[in-house]
Amino acid sequence: MEFGVLFGQMDFAALRDLAQTVEGLGYHLAVLGDHFVTERAQGKFDPRQISYDTIVSAAIALEATRRLRVGHLVLNNLFRYPALTAQTIMTLDNLSGGRTVAGLGTGYVEAEFRMTGINFPEMKVRLEMLDEALTCMRSLWTNEQTTFIGKHYQLREAILWPKPIQKPYPPIIVGGGGRPVLRIAARHADVANITWEVGRSGGFRAADLTAFDENRLKERAGFLRDEAVKHGRAHDAVTISNIPSSIAITDSEAETRNKAESIGHAFGMSAEQALASPMLLIGTPESCAAQIRHRAQDWGVTQFIFITRSEKVMRLLAEQVLPFVN
């Protein structure tokens, strides 16, 4: 089982310190997002929030550590041409001695495209572009030359040297919750981070999160496995990843109930829905460990990536929860 942390935006000194702390706590992986703004409910965002380049930030985290794997959850395919993304990830892999992961997604926060003038096509087109991009990147990482004439991208005798250190290439993570993006994950990915569906809505909607319950995740995990087999891959070829986006480790059952009511209210859920949501983790250390074991045994999840801005929560997870999962 693999455990990781999603880093938010922060200054460079804090990023170095946090990467070293996470590595020292025994986490396996750190990932960064790829946004101009961090959108909250109702499309709100802080216009003064730090927005450093996520590739540079990954390089800083890699340079600050020795064992920690570092990558993205996920790079926005529409922000970069596939050949440049392939070159970037190859560079990070060589810089780190083979410790990077390649996370890629369709892009979904419409406000970012509106403010930058970058084209934001309909979901069907974004999915086609992601599929083609991953095809191009995998070829650039493994072949001497790549010729690809697609609907959205064209490469003619393209070269990329050196190749990534990891063979055949760094692990590919595809993130998303809809069946179309999971079809792409089944073809290309090593890891599918299965989340609630945000792509079609163009931003965060609490109703989408509420609809994403245990049954939905299990159904999508089964769909992913079946699609992998259709593409000639093993049933378990793609690791299933879960990303709790709000975490509350409590001291008592009474505090757990209060936290569940508070967090649930923020997302338009009942306390019971919050406690059962795949996107939340609320409870005492013992309860949280039991929940993670349940997700591993019943849902087939073998990678957990936690979203938290609190070093205290990272420590509590590492010291009081995760040692009791396996």
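Contact means heavy atoms within 4.5 Å. This is a predicted model, in which local features need pLDDT of at least 70, side-chain atom pairs count only at pLDDT 80 or more, and totals for chains, interfaces and linings use all residues. Residues are numbered from 1 along each chain as its sequence is written, and side-chain values use heavy atoms, with hydrogens and water left out.

**Exercise 1. The surroundings of Asn76**

Task: Place Asn76, state whether Asn76 is buried or exposed, and list what Asn76 is in contact with.

Solution. Start with the element. Asn76 sits in strand E4. Helices (H or I, at least four residues) and strands (E, at least two) are DSSP runs, numbered from the N terminus. Next, take accessibility. Asn76 has a relative accessible area of 5%, so Asn76 is buried. The cut-offs are under 20% relative accessible area for buried and over 50% for exposed, with partly exposed in between (1.4 Å probe, protein chains only). Now leave aside neighbours within four places in sequence: Asn76 is in contact with Asp34, Gly105, Thr106, Gly107 and Phe113. Last, check the side chain. One of its polar atoms lies 3.0 Å from the backbone nitrogen of Leu78.

**Exercise 2. An aromatic pair**

Task: Classify the ring pair of Phe79 and Phe113, and say which parts of the chain the pair ties together.

Solution. Rings of Phe, Tyr and Trp (its six-membered ring) pair if their centres lie within 6.5 Å; planes under 30 degrees apart count as stacked, over 60 as edge-to-face and the rest as tilted. The structure holds 9 such aromatic pairs. For Phe79 and Phe113 the centres are 5.4 Å apart and the planes meet at 45°, so this pair is tilted. Phe79 is in the loop between strand E4 (75-76) and helix H3 (82-96), while Phe113 is in helix H4 (residues 110-116), so the pair ties together parts 34 residues apart in sequence. Both rings belong to buried residues: Phe79 has 19% relative accessibility, and Phe113 has a relative accessible area of 3%. Ring pairs also link Phe36, Phe79, Phe113 and Phe120 into a cluster.

**Exercise 3. Strand order**

Task: Find the edge strands of the open sheet of 9 strands.

Solution. Write down the order: E3-E2-E1-E13-E10-E9-E8-E5-E4, with parallel pairing. Strand E3 (69-72) and E4 are the edge strands, as each pairs on one side only. Two strands pair if DSSP finds at least two bridges between them. Test this on E9 and E10: 3 bridges join these parallel strands. In one of them, Val191 has Thr239 of E10 as its partner. Contrast strand E6 (residues 146-149) and strand E7 (residues 154-158), which pair in the antiparallel sense over 3 bridges. E6 and E7 form a hairpin with 4 residues between them.

**Exercise 4. Helix H8**

Task: Compare the span of H8 with the expected value, then describe what covers its buried residues.

Solution. Helix H8 (residues 214-230) has 17 residues. The expected span is 1.5 Å times one less than the number of residues. That gives 24 Å, and H8 reaches 25 Å from its first C-alpha to its last, close to expectation. Its buried residues include Leu217, Phe223 and Leu224. Among the elements covering the buried residues are helix H6 (179-188) and helix H11 (285-299). After H8 comes Gly232, with a positive phi near 80°.

Technical notes. Polar contact = N/O pair within 3.5 Å; in protein donor to acceptor, adjacent residues only side chain to side chain.
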